[in-house]
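Biologist: Got a minute to go through this one with me? I'd like to talk about charges and the core.

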Amino acid sequence: SVLKLLNAQYYLDRKPDWDLVILVSPNLRWLVPEGCAAVWTADFHGPNGPHWSGKLAAEIRGQLARVAELWLSVAYSHPHPADIDISRFTRITPFTQRPGSQTSQVPTVTFVARDDRLWLGSLSRWLAHRPFHRAAVALRLGDRWLMRLASRLRRHWPALDLAIIGQASPGRLPGWIKDWRCASVDERTERQWCERASVSDLVVGVHGSHLLLPSALAGATFELMLEERWGNFLQDLLISTVDPRETLLRYRVLPCEISLNTLAEIIHCHLNDARRFEITMGRGLVRHELQDFMVISKMRRSLTNRPDSSTSDSASPGGGSSGPSAG
């Protein structure tokens with residue numbers, strides 16, 4: 001439904017003389033962009049959600065009786081990134097557009113979780129075909145796997161800012177991991193999760209629609225793909241880049257069966273070298289028209305002289321928060 005809603009921007013920008021009417025479910029109402037002529041909210045959830053609703057049809061027919069001319073918009077299931085500015089829907093500035101986001105010495109990482117999409121490394125394939133894969137034992141294993149991954153990342157960055165968000169049951173994690181998962185989600189929680197993604201150097205999560213908004217707002221996204229979902233490749237990523245090299249850096253799809261050590265090492269390398277990529281390969285500096293090459297030289301020296309993140313003596317972070325923070 002989020003993907004369908006993103007088609008609205010095309011009509012707001014390209015067809016300003018038309019009145020755009022949006023029909024959404026209550027949970028998406030906050031994402032409707034400014035400029036629409038009307039917003040109709042209807043609850044599509046429940047046992048009859050996917051089926052034809054005579055009551056809804058009658059209400060729409062009554063509203064349209066006063067309209068002289070009507071067009072149904074094209075709602076592509078996967079609108080092109082060039083037609084989307086996610087900040088117009090979320091009212092949140094993405095990571096890459098925030099001043100100073102690229103210079104942080106302490107990485108911010110967010111794991112997007114869902115109870116029915118667990119990451120268990122080499123056990124993922126085995127559990128996916130077991131009837132108890134959503135049971136409490138599997139959830140505890142998932143939390144233990146996340147904690148082990150977090151501990152490996154913390155060896156490189158003792159002050160690492162790590163949080164877990166998503167529609168899932170909160171677990172028993174150490175206080176230095178912010179556990180902001182909620183089984184029941186409202187608009188306030190959704191907004192706060194999006195704020196967290198927008199200040200994250202990296203978000204990581206198993207394939208699913210829960211990655212759409214975080215991937216559009218975070219600095220980079222690592223998606224863990226389930227074996228049976230490879231045919232749905234890219235459907236849950238909102239890619240905002242236009243430079244092909246930057247896209248390869250910021251969006252990576254990895255098999256869900258990846259080992260814990262390998263994933264931790266890939267994350268470490270990305271967080272450690274993203275700034276180097278920006279200086280040596282980013283389009284902003286790799287331009288022959290650029291005359292002041294001393295700028296690049298100074299930037300490269302700053303990378304060489306910075307403290308090694310893997311040997312930092314920074315103090316360990318304090319206890320986690322009891323809930324999401326909007327900043």
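Modeller: Sure, one term up front: buried means under 20% relative accessible area, exposed over 50%, and partly exposed in between (1.4 Å probe, protein chains only). This is a predicted model, where local features need pLDDT of at least 70, side-chain atom pairs count only at pLDDT 80 or more, and totals for chains, interfaces and linings use all residues. Residues are numbered from 1 along each chain as its sequence is written, and side-chain values use heavy atoms, with hydrogens and water left out.

Biologist: OK, how many salt bridges are there?

Modeller: The count is 11, taking a salt bridge as a side-chain nitrogen of Lys or Arg within 4 Å of a carboxyl oxygen of Asp or Glu.

Biologist: Which residue does Glu 34 pair with?

Modeller: Arg 91, at 3.2 Å from N to O. The two sit 57 residues apart, Glu 34 in the loop between S1 and strand S2 and Arg 91 in the loop between helix H4 and strand S3. Helices (H or I, at least four residues) and strands (E, at least two) are DSSP runs, numbered from the N terminus.

Biologist: And is Glu 34 buried or exposed?

Modeller: Exposed, at 62% relative accessibility; Arg 91 is partly exposed at 38%.

Biologist: What about Asp 143, what does that one bridge to?

Modeller: Arg 181, with the closest N and O atoms 2.8 Å apart. That joins helix H6 to strand S5, and both residues are buried. Asp 179 belongs to a salt-bridge network with them.

Biologist: Switching to the core, which residues have the most contacts inside the largest one?

Modeller: Ile 22 and Leu 31, in a nonpolar core of 34 residues. Such a core is a set of buried Ala, Val, Leu, Ile, Met, Phe, Trp, Tyr and Cys residues joined through side-chain atoms within 4.5 Å. H8 gives the largest share, four residues.
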